[in-house]
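Biologist: I am new to this one. Could you take me through it by question and answer?

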Amino acid sequence: MKDTGIPHTFRIPYGEGRIAATLPGERLLGVFPSSTAPPLAHLEECLRETLLHPTGTPPLRELARGARSVLILCDDLTRDTPADRILPPLLRELAQGGVYEEAVTILFATGSHRALSPREVTAKVGERVARSVASVSHDPGGHLVSVGVTSAGTALRVNPLVKAADLVLAVGSILPHRYCGWSGGGKIVLPGVSSLEAIAAMHLRVTRDASIRLGAPDNAARREMDEAARLAGLQFLVNVLVNADGAVADLVAGDPVHAHRLGVEKALRLFGTSVPEADIVIAGAHPEDRDLWQAGKALYAAELPLRPDGEIILVASMDEGTGEHREFAELLGFSTEDILRRLEKGETNNLLAGAAAFAQALVLEKARVSVVTRGLPAETARRASLTPYATLQEALDAALVRHPSGSVLVLPDAPKSLPLPRRTSADAPRKDG
């Protein structure tokens with residue numbers, strides 16, 4: 001590879017700030033954010049128009065007429081859905097249908113994630129909505145109610161607030177997702193407000209069905225999520241598409257299946273980014289970098305453009321360590337065969353952790369993975385088959401020693417990315433920022 005000797009410094013998100021590294025010569029193929037699409041110029045106006053002319057349903061204000069109670073399912077802080085901007089127009093439309101704020105409850109669809117703190121609730125929904133609208137975080141191990149059994153045989157038990165409400169809405173975002181192709185849609189019900197058993201069953205599908213992959217628009221997991229949403233009574237959703245800067249670039253609203261399908265069509269254009277193949281892929285885990293459980297999602301995008309025998313550098317502050325699923329980190333020390341064996345023989349108590357570890361171990365068996373983190377203890381990282389570094393520069397320098405003429409590609413917000421690899425000449429890399 002030709003080397004000009006001119007250093008190139010780049011910065012990617014890290015915790016609340018950014019972390020930098022300098023790369024010599026023309027090693028850098030490019031920095032590829034998830035989406036450079038411009039933000040909607042008038043988000044509230046666009047949302048109001050979409051609520052009046054939704055996909056596959058009557059307008060929201062018509063659905064609200066006669067309802068005595070409305071439940072809004074909302075994603076949590078592991079997603080950068082700007083609920084603080086989405087909820088006020090949504091509440092105004094409900095009021096047009098005769099449902100006012102005192103009859104509305106927000107249920108944070110945390111799945112197996114931890115509950116939101118009061119400060120985080122305010123950060124998510126905005127100060128005025130946090131004061132005026134009741135909210136609660138889902139507890140997957142708490143009291144739940146049955147709403148049926150999916151065609152795949154999953155007994156679906158959900159938060160009782162879902163069954164009690166006259167009208168159930170959802171607010172979330174559509175992003176590439178390893179366990180169902182794309183987030184959004186019925187995923188806010190399963191796993192969002194379901195039992196631990198149902199959540200585990202859904203995640204375990206990734207160990208048995210190769211159709212479930214990052215960016216796949218139709219697969220067994222997505223179909224089960226759609227069915228679960230119908231069983232639970234989800235009637236309307238607003239799903240946004242957020243660009244690399246966290247701004248809404250597009251949105252859909254309406255029927256949980258039809259509107260979501262339209263959103264996925266838009267998302268394929270928005271997040272599908274042509275990238276060259278590389279020997280080293282630097283994957284920033286922002287905005288899902290608070291713990292190992294979340295940050296591992298960055299690896300699924302990073303592996304797509306990686307050349308054989310390549311290396312991934314995962315960049316995630318992980319200020320909350322391993323997260324809620326400690327067994328997940330321990331299982332990452334096993335091969336995929338061993339993880340499957342432990343799942344089949346009941347040797348792991350946490351089926352959800354086993355499914356997630358299996359998916360991540362598939363990547364670890366293909367590539368060496370280093371991690372730049374300040375919150376994950378070095379020994380924990382090593383047990384999880386990750387080589388820890390304190391700085392991005394240290395990790396990059398070490399990788400370049402192992403790949404003396406290697407090319408480098410950067411995905412600053414990999415959990416939101418869908419790289420579409422193209423072959424490129426090793427001696428003529430492309431620089432995109």
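What follows is a short exchange about this predicted model.

Biologist: What is the average pLDDT of the protein chain?
Modeller: This is a predicted model, and pLDDT is the predictor's confidence in each residue. In the chain, 96% of the residues score at least 70. The average pLDDT is 93.

Biologist: Over which residues does pLDDT stay under 50?
Modeller: Where pLDDT is low, the predicted coordinates should not be read in detail. One stretch stays under 50, although the model has 21 contacts beyond four places in sequence for it. That stretch is residues 425-433.

Biologist: Which strands are the edge strands of the open sheet with 6 strands?
Modeller: The order is 6-5-4-9-12-13, and the pairing is mixed. An edge strand pairs on one side only. The edge strands are strand 6 (134-137) and strand 13 (248-254).

Biologist: How much does that sheet twist from one strand to the next?
Modeller: The figure is an average over the steps from strand to strand. The twist averages 20°.

Biologist: Which residue in strand 13 is the bridge partner of Leu237?
Modeller: Strand 12 (residues 234-242) and strand 13 run antiparallel, joined by 6 bridges. Leu237 has its bridge partner in strand 13. The partner is Gly254.

Biologist: Is the aromatic pair of Tyr179 and Tyr300 stacked or edge-to-face?
Modeller: The structure holds 3 aromatic pairs. In this one, the centres lie 6.4 Å apart and the planes meet at 85°. Planes over 60 degrees apart count as edge-to-face, so the pair of Tyr179 and Tyr300 is edge-to-face.

Biologist: How many residues apart are Tyr179 and Tyr300?
Modeller: Tyr179 sits in the loop between strand 10 (176-177) and strand 11 (181-182). Tyr300 belongs to helix 11 (residues 298-302). The two are 121 residues apart.

Biologist: Is Trp182 buried or exposed?
Modeller: Trp182, in strand 11, pairs with Phe271 in helix 9. Buried means under 20% relative accessible area. Trp182 has 1%, so it counts as buried.

Biologist: Which residue has its backbone oxygen 2.9 Å from a polar atom of the side chain of His260?
Modeller: His260 is found in helix 9 (residues 258-271). His260 is buried, with a relative accessible area of 1%. Leaving aside neighbours within four places in sequence, its contacts include Trp182, Arg222 and Asp255. The residue with that backbone oxygen is Ser183.

Methods. Residues are numbered from 1 along each chain as its sequence is written. This is a predicted model: local features need pLDDT of at least 70, side-chain atom pairs count only at pLDDT 80 or more; totals for chains, interfaces and linings use all residues. Side-chain values use heavy atoms; hydrogens and water are left out. Helices (H or I, at least four residues) and strands (E, at least two) are DSSP runs, numbered from the N terminus. Buried means under 20% relative accessible area, exposed over 50%, partly exposed in between (1.4 Å probe, protein chains only). A polar contact is a pair of N or O atoms within 3.5 Å; within protein, one must be able to donate a hydrogen and the other to accept it, and residues adjacent in sequence count only if both atoms are side-chain atoms. Contact means heavy atoms within 4.5 Å. Two strands pair if DSSP finds at least two bridges between them. Axes are lines fitted to C-alpha atoms, for helices over the stretch in contact, and angles run from 0 to 180 degrees between N-to-C directions. pLDDT is the predictor's confidence in each residue, from 0 to 100. Rings of Phe, Tyr and Trp (its six-membered ring) pair if their centres lie within 6.5 Å; planes under 30 degrees apart count as stacked, over 60 as edge-to-face and the rest as tilted.
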